[in-house]
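Q: I'm in my first year and would like a close look at a single part of this structure. Please start at one residue and then show me how the rest fits around that part.

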Amino acid sequence: MKSTKIYLMSILMLFVLSVIAQNKPLTSDLKMKVYIDGLMKKMTIDEKIGQLNLCGAGDITTGQTASSDIGKKIREGKVGAILNLKSVDKIRDVQKVAVEESRMKIPVMFGMDVIHGYQTTFPIPLALSCSWDMALIENSARIAATEASADGICWTFSPMVDIARDPRWGRIAEGSGEDAYLGSQVAKAMVKGYQGNDLTRNNTIMACVKHFALYGAAEAGRDYNTTDMSRLRMYNEYLPPYKAAFDAGAGSAMSSFNELDGLPATANEWLMTELLRKQWGFKGFVVTDFTAINEMIEHGLGDLQAVSALALKAGTDMDMVGEGYLTTLKKSLKEGKISEAYINQACRRILEAKYKLGLFDDPYRYCDANRAKTEIGTDEHMNEAREDATQTFVLLKNENQLLPLPINGKIALIGPMADNLYNMAGMWSVAVDHHQSVTVLQGLKNAIGNKAEILCSKGANFVDDPKLDLIINNTEIPTIDPVRTPKELLDEAVAIASKSDVIVATLGEAAEMSGECTSRTNIQIPENQRDLLKALLSTGKPVVLLLFTGRPLDLSWESKNVPAILNVWFGGTQAGNAIADVLFGKVNPSGKLTATFPQNIGQVPIYYNHKNTGRPIDSGKGGWFTKFLSNYMDVSNEPLFPFGYGLSYTTFSYSDLKLDKQKLTSGGKINVSVTLTNTGKYDGAEVAQLYIRDMVGSITRPVKELKGFQKVFLKAGESRTLNFTITPLDLAFYNSDLQFKAEPGDFKVFVGTNSSDTKEGNFTLE
Ligand code: NOJ
């Protein structure tokens with residue numbers, strides 16, 4: 001064993017010497033290897049284990065546990081990284097302890113949940129995906145990286161790329177919805193935005209792809225719950241966005257809380273080593289989610305020592321907050337339960353990340369107090385956030401062109417979100433300064449000046465149940481009105497609304513009703529708010545529902561009874577201004593849904609790219625129910641709003657769908673063209689979507705799959721020919737041998753405004 005090691009070392013030395021002798025520069029990978037070899041040679045086993053430990057700073061915590069004695073642990077070389085510590089000054093102080101007072105002087109990595117912006121907060125990720133604008137998404141991540149790195153952070157726990165098809169799961173808000181193709185584009189854009197082309201630059205940060213893997217398929221939408229799925233479904237429908245993020249160069253990954261195949265992801269060797277590293281060639285490091293190692297005791301896999309060893313052997317490198325590695329790995333090593341090679345491997349991967357970030361060259365690279373003063377929350381960033389937010393709103397209904405509103409007369413602005421500073425930014429806004437947020441009231445006032453009058457009233461609490469109010473409120477400011485009873489709130493709002501020309505009802509979820517641990521079994525607007533909506537409608541005034549939500553909701557009642565619905569999700573710091581831009585028509589809405597809105601909770605999971613079954617129902621023919629076909633007795637199979645859906649103040653028509661050929665050869669391509677015309681009165685943007693269907697396969701194929709999209713801006717009356725290219729690669733899928741191949745045969749191609757409303761053509765793959 002020893003002699004093999006000496007032999008390998010000499011080969012490496014010879015190689016390095018020959019490179020030097022030839023006067024060739026060492027490749028950066030080799031340089032890194034030489035540097036880290038040198039470092040690790042000097043490290044004790046305790047110091048190596050210390051690198052695998054991620055401490056929670058206590059500033060912001062997202063679990064039941066907090067770390068203690070952090071300063072002492074850093075001095076002893078027992079901390080590799082710190083989570084959610086905020087501000088350059090604090091980070092500099094802590095880094096100083098690491099590089100001046102610990103024996104090995106290894107810098108600490110500072111990570112944070114920079115999820116949708118930093119101090120300048122962008123719309124929540126689900127909303128951002130509805131922009132279908134990859135440049136916008138990349139830029140939002142770029143700005144987030146600029147601000148976070150200016151405040152000392154070099155590592156973000158983002159992007160979250162979990163495919164989610166279950167709106168009961170509150171974390172659907174943190175991802176890009178239900179589609180693997182779109183999710184992959186977003187994943188790539190986010191990684192590029194955070195990491196740029198050069199991770200050593202002080203304004204880029206390392207991405208952490210989470211939650212690896214399949215977290216979005218938690219059974220019954222209950223957070224942290226079990227997932228179980230076939231390899232085929234994994235490879236075809238859930239894994240592509242993770243792979244896209246790794247292919248884009250993401251430096252780290254986070255293990256998910258859920259089990260798959262009977263093993264929690266954190267201890268799942270197939271996932272962490274076989275798939276991630278051997279099949280996909282991932283070279284970065286894996287961190288657990290918050291105390292995920294310790295939680296394997298509850299999963300029923302043994303005591304802390306046993307589960308820590310399982311995680312390490314599976315290929316999980318860093319332990320978030322739980323200290324299972326810190327407190328048990330040495331014992332396991334002594335008892336022969338793990339080999340030192342596992343510790344070395346994990347330690348090396350973490351040191352490599354620090355090397356790639358340039359921390360060994362300058363541990364204070366991200367601690368420039370001047371940048372902190374000048375690059376965070378700037379006007380330029382805020383303007384970007386405002387523009388971006390306008391692109392994420394989805395117009396769900398607009399009867400008789402009620403929107404855009406004219407700026408005149410009396411506008412009643414009603415609801416718990418009308419003037420609510422703390423709920424604008426949305427979940428996971430750990431670095432936001434709420435006082436910079438623009439409320440709807442403020443945004444409307446900014447737009448209106450003295451041209452119209454706003455009458456504002458809260459009208460209802462988010463919820464009337466104090467217990468639920470506590471759960472949804474992490475600002476420690478109760479949202480239940482301390483003075484007025486629910487009836488008094490409602491009466492006041494109705495009185496004000498009765499005096500107005502139009503009512504804008506700002507209703508829906510509070511910010512913390514989505515995100516981590518916010519599963520719901522009822523996805524309607526809370527009942528007390530719906531009562532308010534009914535009362536407002538009964539005034540006979542036109543009502544616009546300005547919907548705040550972090551997930552698809554059951555809006556069956558609202559879609560029948562309210563003339564206009566604009567879904568604004570949670571739009572970030574500048575939401576109020578962006579809402580005014582869209583309400584008054586300065587910006588024409590163009591957002592399209594990336595997660596299906598069901599008719600009711602019983603249809604969940606519901607997603608556009610489902611399989612056909614052997615007994616499909618064609619709702620076009622024969623109505624919505626036929627005995628012995630795959631349907632429900634009480635509701636049709638159709639969603640309320642399909643994937644890709646979203647209206648505009650203008651109208652678009654699709655015509656003249658053409659394929660330049662009918663047969664696609666293995667090295668060839670087909671051009672699909674369609675004429676898009678803005679047939680309405682307003683200029684506006686449309687997201688044209690291309691789907692395919694593989695008619696016959698060696699395994700069953702979905703009824704539709706997104707394979708391309710273009711967001712195009714057309715002036716009123718303007719027409720444009722859009723061209724899409726289809727190659728055999730676009731038709732490939734994982735077959736039952738898990739080979740990624742396109743199969744010859746007939747295909748349908750669809751182009752249109754959403755996944756249900758399309759023009760259709762056919763071709764054959766030879
Ligand atoms: C738990 C969450 O699941 C994860 O997304 C987050 O990054 C960590 N906590 C750290 O806060």
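**Starting from Arg103**

A: Setting aside neighbours within four places in sequence, Arg103 is in contact with Lys42, Met43, Thr44, Glu47 and Arg75. Before we go on, keep in mind that this is a predicted model. You will find Arg103 in the loop between helix H5 and strand E3. Among its contacts, Glu47 deserves a second look: the side chains of Arg103 and Glu47 make a polar contact at 2.7 Å. For a sense of scale, pick Gln689, which is 586 residues from Arg103 along the chain; the C-alpha atoms of these two residues are separated by 58 Å.

Now step from the loop into the sheet. E3 belongs to an open sheet of five strands in the order E4-E3-E2-E1-E10, and the pairing is parallel. Strand E4 (155-156) and strand E10 (319-320) stand at the edges with a single partner strand each, so one side of each has no neighbour in the sheet. As background, strands of a sheet pair through backbone hydrogen bonds, either parallel or antiparallel. On the E4 side, two bridges join E3 (residues 109-112) to E4. One residue pair to find there is Met112 and its bridge partner in E4, Thr156.

Just before E4 there is a link to another loop. Asp151 forms a salt bridge with Lys86, with the closest N and O atoms 3.8 Å apart. Asp151 sits in the loop between helix H7 (134-150) and E4, while Lys86 sits in the loop between strand E2 (81-83) and helix H5 (88-101), so the pair ties together parts that are 65 residues apart in sequence. The two partners are covered to unlike degrees: Asp151 counts as buried, at 7% relative accessibility, whereas Lys86 is partly exposed, with a relative accessible area of 24%. Another salt bridge joins Glu76 and Lys78, with the closest N and O atoms 3.0 Å apart. Glu76 counts as partly exposed at 35% relative accessibility, and Lys78 is partly exposed as well, with a relative accessible area of 29%. Across the whole structure, a search finds 44 salt bridges.

Next, cross to the other edge of the sheet. Strand E10 holds Asp319, and here is a puzzle to enjoy. Asp319 is buried yet has no salt bridge, and the nearest side chain of opposite charge, Lys73, is 11 Å away. What does the side chain of Asp319 reach at 3.5 Å? That partner is the backbone nitrogen of Gly322. Not counting residues up to four places away in sequence, Asp319 also touches Leu52, Asn53, Leu54, Thr288, Ile293, Gly324 and Tyr325.

For comparison, let's visit another parallel pair further along the chain. Five bridges join strand E12 (residues 410-414) to strand E13 (residues 453-457), and these two run parallel. Ile414 has Ser457 in E13 as its bridge partner. From E12 the chain passes through helix H18 (residues 440-448) to reach E13, and this β-α-β crossover is right-handed.

The loop that comes between E13 and helix H19 (466-471) contains Asn461, which is buried, with a relative accessible area of 2%. The side chain of Asn461 has a polar contact of 3.4 Å with the side chain of Lys458, and it reaches the backbone nitrogen of Asp481 at 2.7 Å. Lys458 and Asp481 turn up again in a network of salt bridges with Arg484 and Glu492. Beyond its neighbours within four places in sequence, Asn461 is in contact with several residues, including Pro416, Thr479, Asn528 and Gln529.

One last pair makes a neat finish. Arg530 and Glu558 meet in a salt bridge at 3.1 Å, N to O. This links distant parts of the chain, with Arg530 in helix H21 (residues 527-537) and Glu558 in helix H22 (residues 556-561), 28 residues apart. Arg530 is buried, at a relative accessible area of 12%, and Glu558 is buried too, at 0%.

Key: Residues are numbered from 1 along each chain as its sequence is written. This is a predicted model: local features need pLDDT of at least 70, side-chain atom pairs count only at pLDDT 80 or more; totals for chains, interfaces and linings use all residues. Side-chain values use heavy atoms; hydrogens and water are left out. Two strands pair if DSSP finds at least two bridges between them. Helices (H or I, at least four residues) and strands (E, at least two) are DSSP runs, numbered from the N terminus. A crossover is right-handed if, with the strands pointing away from the viewer, the path from the first strand over the helix to the second runs clockwise. Buried means under 20% relative accessible area, exposed over 50%, partly exposed in between (1.4 Å probe, protein chains only). Lys and Arg count as positive and Asp and Glu as negative; His and the chain ends are not counted. A salt bridge is a side-chain nitrogen of Lys or Arg within 4 Å of a carboxyl oxygen of Asp or Glu. A polar contact is a pair of N or O atoms within 3.5 Å; within protein, one must be able to donate a hydrogen and the other to accept it, and residues adjacent in sequence count only if both atoms are side-chain atoms. Contact means heavy atoms within 4.5 Å.
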